[in-house]
Amino acid sequence: MADLLELAPDPRLHISEHAWIRDEGDLRVIVTHSIPLLQYRRGDAVMERLAMAELAETGAARVHEIAKAFDVHRTTVTRCCKLLREGG
């Protein structure tokens, strides 16, 4: 009976209350408010930087939450936001 109650592990990596990452094979999906924000191939550094900036700029997560989820320093997230605002 106890086996029936065991839950499958959550495949999402929670970034914040409103955002999470879901890896599906070699694809990574960034979800905010239950809506996919971005989808890209894992290891795509440009898209990863865009994802970090979009999460911060939209207010879906705080800089420190994003940094922790993507395993980067907070300064990296801030730099990505600055580049996005400057059009780069």
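These legends describe close-up views of a predicted model, centred on strand 3 and its surroundings.

**View 1. Four strands form an open sheet.** The strand order is 1-2-3-4, and the pairing is antiparallel. Strand 1 (12-14) and strand 4 (35-41) are the edge strands. Each of these edge strands pairs on one side only. On average, neighbouring strands of this sheet are turned by 25 degrees against each other, direction ignored. Strands of a sheet pair through backbone hydrogen bonds, either parallel or antiparallel.

**View 2. Helix 2 packs on the sheet.** Helix 2 spans residues 45-57. The helix touches strand 2, strand 3 and strand 4. Its direction makes about 160 degrees with that of strand 4.

**View 3. Strand 2 and strand 3 form a hairpin.** Strand 2 covers residues 19-24, and strand 3 covers residues 27-32. The two strands pair in the antiparallel sense over 6 bridges. Arg-22 has Val-29 of strand 3 as its bridge partner. Asp-23 is matched in the same way with Arg-28 of strand 3. The hairpin leaves 2 residues between the strands. Gly-25 lies in the turn and has a positive phi of about 65 degrees.

**View 4. A hairpin links strand 3 and strand 4.** Here too, 2 residues lie between the strands. His-33 takes a positive phi near 50 degrees in this hairpin. Strand 3 and strand 4 pair over 6 bridges, in the antiparallel sense. Thr-32 stands opposite Ile-35 in strand 4.

**View 5. Strand 3 is mostly covered.** Of its 6 residues, 5 are buried. Strand 3 pairs with strand 2 and with strand 4. Helix 2 also touches strand 3. In a regular strand the side chains alternate between the two faces of the sheet.

**View 6. Thr-32 is a buried residue of strand 3.** Its relative accessibility is 12%. Thr-32 therefore counts as buried, since the cut-off is under 20%. Leaving aside residues up to four places away in sequence, Thr-32 touches His-18, Ala-19, Leu-37, Leu-55 and Ala-60. Ala-19 belongs to strand 2 (residues 19-24). Leu-37 falls in strand 4 (35-41). Leu-55 is part of helix 2 (residues 45-57).

Key. Residues numbered from 1 in each chain as written. Predicted model: local features only at pLDDT ≥ 70, side-chain atom pairs only at ≥ 80, totals over all residues. Heavy atoms only, no water. Buried < 20%, exposed > 50% of the residue type's maximum accessible area, 1.4 Å probe, protein only. Contact = heavy atoms within 4.5 Å. Pairing = 2+ DSSP bridges. Axes fitted to C-alpha atoms, helices over the stretch in contact; angles between N-to-C directions.
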